[in-house]
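User: I should like to understand how the descriptive terms applied to a protein structure are justified. Could the reasoning be set out step by step?

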Amino acid sequence: MSAPSDDLIRQWESEQASLRQRVLEEDTEDWQREPHFSGLERVGGVDLSFIKGDNVNACAQLVVLSFPDLEVLYEDSRMVTLTAPYIAGFLAFRETPFLLEALRRLERSQPALLPQVVFVDGNGLFHYREFGLACHLGVLSGLPCVGVAKNLLQVQGVSKSQEHQAQALRSSDGSSKPVYVSVGHRISVDTAVRLTHACCRYRVPEPIRQATVHGDRCWEDVSPWEHGRPNPARIKVEEKLPSAAVLRDKSCF
């Protein structure tokens, strides 16, 4: 996959700056103002999972969980072909189209299960241009979104003056490593942190954790043959992970 041209990078920067103006950094829903989130019934989680060394094939996942029980109500895992390379600061242009389409499929097929808030495996306002993946998905979907990053190194280059936009959260008693919570859209940072804590059984909030778990199964279910020809994505899974399609370091869970 070739690197984007300078013109395309400038176009992406301009689009981020324009969409950034639409981000709402405050609570917009009644349930967000309730001490125990009364009225919140469905929380979503999205993620894209990859096989190391494969920059083209990915599995896009959306799960919807009940709240506060955190039981899976809906899941959608699809193999996708990426068309944009990974460029620091522009992850949303690589991943958002597939995550947004998963939400739209759910809205068309089972609108009653559409999540009232979405947890995104990535940053929101804590970003080079204050417009990370969680902001991008939130603005385009219109849904409240929370960004949860597992590693602060993902946002190297963010100035000290912007560090208030992400809060480190030790999300469970069983984990010594924090996660970094930031506003995506239509939620305040304080509410985002409270809600993230309420959705954690382990280090990573359950909506994101379940999205990743279902992504693992998505890779395992890919057929070795597609349209009568070998499927490169499946061949890589079998060659690199003969026992199970373990896509991520489970120590972060």
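The exchange below takes up several such terms in turn.

Analyst: Please note at the outset that this is a predicted model.

User: How do you know that strand 2 and strand 3 pair?

Analyst: Two strands pair if at least two bridges are found between them. Strand 2 (residues 57–66) and strand 3 (residues 72–81) share nine bridges, in the antiparallel sense, so the requirement of at least two is met. One of the bridges joins Leu65 to Val72 in strand 3. The two strands form a hairpin with five residues between them, and Leu70 in the turn has a positive phi of about 60°.

User: Why is the aromatic pair of Phe37 and Phe67 called edge-to-face?

Analyst: A pair of aromatic rings is described by the distance of the centres and the angle of the planes. For Phe37 and Phe67 the centres are 6.1 Å apart, which is within the limit of 6.5 Å. The planes stand at 80°, and an angle over 60 degrees counts as edge-to-face. The pair is one of five aromatic pairs found in the whole structure.

User: What makes the pair of Phe37 and Phe67 tie together parts that are apart in sequence?

Analyst: Phe37 lies in the loop between helix 1 (6–20) and strand 1 (42–49), and Phe67 in the loop between strand 2 and strand 3, so the pair ties together parts that are 30 residues apart in sequence. Both Phe37 and Phe67 are buried.

User: Why is the pair of Phe90 and Phe93 called tilted?

Analyst: The ring centres of Phe90 and Phe93 are 6.3 Å apart and their planes are at 45°. Stacked requires under 30 degrees and edge-to-face over 60, so this pair, at 45°, is tilted. Phe90 and Phe93 form one aromatic cluster with Trp12.

User: How do you know whether Phe90 and Phe93 are buried or exposed?

Analyst: Buried means under 20% relative accessible area. Phe90 has 5% and Phe93 has 14%, so both are buried.

User: What makes the span of helix 2 close to the expected one?

Analyst: Helix 2 (residues 91–109) has 19 residues and reaches 28 Å from its first C-alpha to its last, against an expected 27 Å. The helix also has a kink of about 30°, centred on Pro97.

User: Why is Val193 called buried?

Analyst: Val193, in helix 4 (residues 189–198), has a relative accessible area of 14%, so it counts as buried, the cut-off being under 20%. Leaving aside neighbours within four places in sequence, Val193 is in contact with Gln167, Leu169 and Val181.

Terms used:
Residues are numbered from 1 along each chain as its sequence is written. This is a predicted model: local features need pLDDT of at least 70, side-chain atom pairs count only at pLDDT 80 or more; totals for chains, interfaces and linings use all residues. Side-chain values use heavy atoms; hydrogens and water are left out. Helices (H or I, at least four residues) and strands (E, at least two) are DSSP runs, numbered from the N terminus. Rings of Phe, Tyr and Trp (its six-membered ring) pair if their centres lie within 6.5 Å; planes under 30 degrees apart count as stacked, over 60 as edge-to-face and the rest as tilted. Buried means under 20% relative accessible area, exposed over 50%, partly exposed in between (1.4 Å probe, protein chains only). The expected span of a helix is 1.5 Å times one less than its number of residues. The bend at a residue is the angle between axes fitted to the seven residues ending there and the seven starting there. Contact means heavy atoms within 4.5 Å.
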